[in-house]
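Student: Please give me a close look at one part of this model, with its buried and exposed sides, and then follow the connections outward from there. I would enjoy one long answer.

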Amino acid sequence: MPKTDAASGARDALRNCAAQIASAKTAVLTTDDPEGPHQLRVGLRRLRAALWLYATTIHGDAARSMAAEARWLAREVGHTRDLEMVAGLLAPRMKGPAGRGPLAGLTAAASVERARLRAVLQEARAEALLVALTDVTEGKFSADAVPLTPLAADRLNCQWRKLRRAARQLTRQGANERHKMRKRAKMLRYVLDLTDPLWPHDRTAKFHKRLARLQDGLGRLNDASVARRVLEQLVAAGALAADAQDVLATAVDRLDHDAGKDLADLPGLWRKLERTPRPWR
């Protein structure tokens, strides 16, 4: 049965976030699986969404403080995730003898970055976030019996308005504007995921499907932008030999070219989502 009061919903959501973050942290520390940093960043983003959704039910400044720390740690994880993601994206485009050296340089840089993240995760600041999160989930929430459904609907309407604003002049947007739209779409999806049992399944499933397609298109475009930024950072840091830079730059150009179809498809994907009934209304 879905929770009907905000305090119960908050406790369950924060416990789930804590479990995901702890599991992903262990994966980062003990394996080289790229899924570890990915799931850790997702868990931290879901935590921020839950803290925003349920802020009024959490006592004191705990929600604001944890959200700030989750944002900091997500940035730290993001450096690792971006580099590993780019290495994974470019690897299939760099087969053959010419690509081995550049790919090895990229993989070596990713290994250094993974070691840095492991050190960050074992520092007191990162440990304190999980401790604080556990304390909140086991502590007291607001004594007021705030109904969850109207609170969730209000929060979803807020995120929907933000996404619509971010989608203005979609055909004229640059990479930064599309990235902002992608972040808005992600936040809407996280909040919808957290409140999913409250809404009619058939309407939620249709909306989820169309929102996911929009996110996928925006994600592939963002991946191409991230790949170029990561390459520029590695070049500036002197982490790549000159011949490797040229090979990697060519691979990134191909990635940009392939993302062109996603750019052309975005307006249609957005129109379909905008016409889809919102499940919380």
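Tutor: Happy to. A residue is called buried when its relative accessible area is under 20%, exposed when that area is over 50%, and partly exposed in between. Keep in mind that the model is predicted.

Let's take helix α9 as our part. It covers residues 242–258, 17 residues in total. From the first C-alpha to the last, α9 reaches 25 Å, close to the 24 Å expected at 1.5 Å a residue. The buried residues of α9 are A244, L248, A251, V252 and L255. Viewed down the axis of α9, these buried residues fall within an arc of 100°, so they line one face of the helix. The background is simple: an α-helix has 3.6 residues a turn, so residues three or four places apart point the same way. The other side of α9 carries exposed residues, namely A242, D243, D246 and H257.

What lies over the buried face? The cover of the buried residues of α9 includes α3 (62–90), α4 (97–121) and α8 (201–236).

V247 is a good residue to pause on, as it also belongs to helix α9. With a relative accessibility of 27%, V247 counts as partly exposed, because that value lies between the 20% and 50% cut-offs. Setting aside neighbours within four places in sequence, V247 is in contact with M94, A98, G99 and P102. L103 and V247 are 144 residues apart in sequence, and their C-alpha atoms are 9.1 Å apart in space.

From here we can step to α8, one of the elements covering the buried residues of α9. Helix α8 holds G217, which is buried at 1% relative accessibility. Beyond its neighbours within four places in sequence, G217 is in contact with D262 and L266. Along the chain, K206 and G217 are 11 residues apart, with 17 Å between their C-alpha atoms.

Helix α8 also takes us to the empty spaces in the model. Two cavities of 30 Å³ or more are counted. The largest cavity contains about 60 Å³ of space, and its lining consists of A175, R178, H179, R182, L218, L221, N222 and S225. Here α7 (175–195) and α8 are the elements that give two or more residues to the lining. By class, the lining of the largest cavity divides into three nonpolar, three polar and two charged residues.

Two of those lining residues, H179 and R182, turn up again in the largest pocket, where they are listed with R45, K183 and K186 as the residues that lie nearest its centre. The largest pocket has a volume of about 1500 Å³ and is lined by 43 residues. At least two lining residues come from each of α2 (35–53), α3, α6 (148–166), α7 and α8. Its lining comprises 13 nonpolar, 10 polar and 20 charged residues.

Between α6 and α7 there is a loop that holds Q169. Q169 has a positive phi of about 50°, although it is not a glycine. With a relative accessible area of 56%, Q169 is exposed.

For a partner to α9 in this tour, take α5 (124–138). Helix α5 has 15 residues and reaches 21 Å from its first C-alpha to its last, close to the 21 Å expected at 1.5 Å a residue. Buried in α5 are A126, L129, L130, L133, V136 and T137. They cover an arc of only 125° around the axis, which puts them on the same side of α5. The face turned away from that buried side carries the exposed residues A124, D135 and E138. Among the elements covering the buried residues of α5 are α1, α2, α3 and α4; α3 and α4 also help to cover the buried residues of α9.

Finally, α5 leads to the second largest cavity, whose volume is about 40 Å³. I21, K25, L40, L73, L121, A126 and L130 form its lining, with α1 (6–30) and α5 as the elements that give two or more residues. That lining has six nonpolar residues, no polar ones and one charged residue. A126 and L130 appear in this lining and are also among the buried residues of α5.

How values were computed
Residues numbered from 1 in each chain as written. Predicted model: local features only at pLDDT ≥ 70, side-chain atom pairs only at ≥ 80, totals over all residues. Heavy atoms only, no water. Helix = DSSP H or I, 4+ residues; strand = E, 2+ residues; numbered from the N terminus. Expected span 1.5 Å × (residues − 1). Buried < 20%, exposed > 50% of the residue type's maximum accessible area, 1.4 Å probe, protein only. Arc of directions from axis to C-beta. Contact = heavy atoms within 4.5 Å. 1 Å grid on protein atoms, 1.4 Å probe; cavity = no way out; pocket = protein on both sides within 12 Å on 5 of 7 lines; lining within 4 Å. Points joined across faces, edges and corners; volume = space filled by probe spheres on them. Nonpolar A, V, L, I, M, F, W, Y, C, P; charged D, E, K, R; others polar.
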